[in-house]
Amino acid sequence: MPEQSGLIVITGASRGIGLALVECFLKEGHTVLGIARDTALMPTHDKLTTLDTDLTDPQAITHIARRVEKIGLPVAVLINNAGIQNAVDFTATGIDSEAIATQIRDEIMLNLTTPMLLAAALLAFMLRPGGTIVNVTSLVSRQPKPSAPVYSATKAGLASFTQSLRVQLRSEGIDAVEAVPPLMDTAMTAGRGSGKIAPETMATAIFDSIRDQRNTAAPGLSRRVLMLNRVLPELVRTILARN
Ligand SMILES: NC(=O)c1ccc[n+]([C@@H]2O[C@H](COP(=O)([O-])OP(=O)(O)OC[C@H]3O[C@@H](n4cnc5c(N)ncnc54)[C@H](OP(=O)(O)O)[C@@H]3O)[C@@H](O)[C@H]2O)c1
């Protein structure tokens, strides 16, 4: 059980995996700060504070740090969950346009830069020992998805960052966990894929990994793909390319 007197900070909290995480931690009696651009549809709860902010805006980090300071609890868990996935075709006409450049910058900012900046900003408030930083990556961090090259690169970067952070923070008594969802039944995958798992299953896997001090939260297919990828990466690439 993560430290109950601490604050749980969750980005991308308004739907999908993030909302399931908010519900999971509230059910276990924790105090939660949920962050997204639009939190209007989130449940009201006396232990939930919401913050509407666009995480591609560099000012967002300062807003979050100020809110954490105002709440006044040590941060027990930071979950960098917010993410977007854009299809980007580098052979397309207009790939050099300012609109595509902005889209690429925003995707890198949200998926990779913001988790790094938020970790840096909230470390000052983190519970020592006993704090945990969770970064939500993807299987594409190991086997890139050709139609989403920017997304894949950000998730590979976030997976690498998590490993370095884990070693750096060990002496501080703070854990770093990588959460690797398989294909989820959320807005991000609407209209594609089959055999998707519920966000609640992923939230429970993340909660259990923090509680049991495990480095990785990888339920279902993710665990099997990660294991096979270590020994037979070419085979995994071939299988994933078929699906
Ligand atoms: N779905 C999958 O199959 C899958 C698989 C592997 C990894 N993942 C990863 O899991 C994480 C959660 O995915 P999901 O499927 O739950 O996605 P989702 O249902 O699309 O939810 C994304 C969340 O991020 C927030 N968000 C998006 N842009 C934002 C911005 N600029 N500023 C602040 N918040 C923003 C959204 O809220 P607002 O729109 O209100 O801002 C929403 O709460 C992501 O990092 C994703 O890459 C998902």
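Where is Gln 213 found? In this predicted model, Gln 213 sits in the loop between α5 (199–211) and β7 (216–217). Gln 213 is also a good place to start because it is exposed, with a relative accessible area of 61%, and so passes the 50% cut-off for that label. Its backbone stands out too: phi is positive, at about 55 degrees, although Gln 213 is not a glycine. Most residues other than glycine have a negative phi, and most peptide bonds are trans.

The peptide bond from Arg 128 to Pro 129 departs from the second of those habits, as it is cis, with omega near -10 degrees. Pro 129 belongs to the loop between α3 and β5.

Now for the overall picture. The protein chain has seven helices and seven strands. Going along the sequence, these elements come in the pattern β-α-β-β-α-β-α-β-α-β-α-β-α-α. The pattern opens with a strand and closes with two helices. As for overall dimensions, the C-alpha trace spans about 50 × 40 × 35 Å along its principal axes. A compact globule with 243 residues would have a radius of gyration near 18 Å, and the protein chain, at 18 Å, agrees with that.

What about the inside and the outside? Of the 243 residues in the protein chain, 46% are buried. On the outside, the chain exposes about 12000 Å², and carbon and sulfur atoms supply 54% of that area. The chain carries 23 positive and 22 negative charges, and the mean positions of the two sets are 6 Å apart. Contacts also reach across the sequence: among those between residues at least 6 apart, 63% join residues at least 24 apart.

Helix α3 deserves a closer look. It covers residues 98–122 and bends by about 45 degrees at Met 109. Met 109 is itself one of the buried residues of α3. Others on that list include Ile 104, Glu 107, Leu 110, Asn 111 and Leu 112, along with Thr 114, Pro 115, Leu 118, Ala 119 and Leu 122. An α-helix has 3.6 residues a turn, so residues three or four places apart point the same way. Both strands and helices help to cover the buried residues of α3: among the strands are β1 (7–11), β4 (75–80) and β5 (132–136), and among the helices are α2 (59–71) and α4 (149–169).

Moving on to strand β6 (residues 175–179), one finds Ala 176. Ala 176 is buried, with a relative accessible area of 2%. Leaving out residues up to four places away in sequence, Ala 176 touches Ile 133, Thr 162, Leu 165, Arg 166 and Asn 215. Thr 132 lies 44 residues from Ala 176 along the chain, yet their C-alpha atoms are separated by 5.7 Å.

The loop between β5 and α4 holds Gln 143. Unlike the exposed Gln 213, Gln 143 is buried, at 5% relative accessible area. Setting aside residues up to four places away in sequence, Gln 143 touches Asn 229, Pro 233, Val 236, Arg 237 and Leu 240. Gln 143 and Thr 238 are 95 residues apart in sequence, with 10.0 Å between their C-alpha atoms.

Helix α6 (residues 221–231) contains Ser 222. Is Ser 222 buried or exposed? Ser 222 is buried, because its relative accessible area is 0%, which is under the 20% cut-off. Beyond its neighbours within four places in sequence, Ser 222 is in contact with Leu 139 and Val 180, and also with Pro 181 and Pro 182. From Ser 222 to Ile 239 the separation is 17 residues in sequence and 14 Å in space, C-alpha to C-alpha.

Finally, helix α5 includes Thr 204. At 38% relative accessibility, Thr 204 counts as partly exposed, because that value falls between the 20% and 50% cut-offs. Thr 204 and Ser 141 are 63 residues apart in sequence, and the distance between their C-alpha atoms is 22 Å.

Note on methods:
Residues numbered from 1 in each chain as written. Predicted model: local features only at pLDDT ≥ 70, side-chain atom pairs only at ≥ 80, totals over all residues. Heavy atoms only, no water. Helix = DSSP H or I, 4+ residues; strand = E, 2+ residues; numbered from the N terminus. Rg over C-alpha atoms; globule rule 2.2 N^0.38 Å. Buried < 20%, exposed > 50% of the residue type's maximum accessible area, 1.4 Å probe, protein only. Contact = heavy atoms within 4.5 Å. Areas by Shrake-Rupley, 256 points an atom, 1.4 Å probe, with all protein chains shown as cover. Lys, Arg positive; Asp, Glu negative; His and termini not counted. Charge placed at Lys NZ, Arg CZ, Asp CG, Glu CD. Bend = angle between axes of the 7 residues up to and from the residue.
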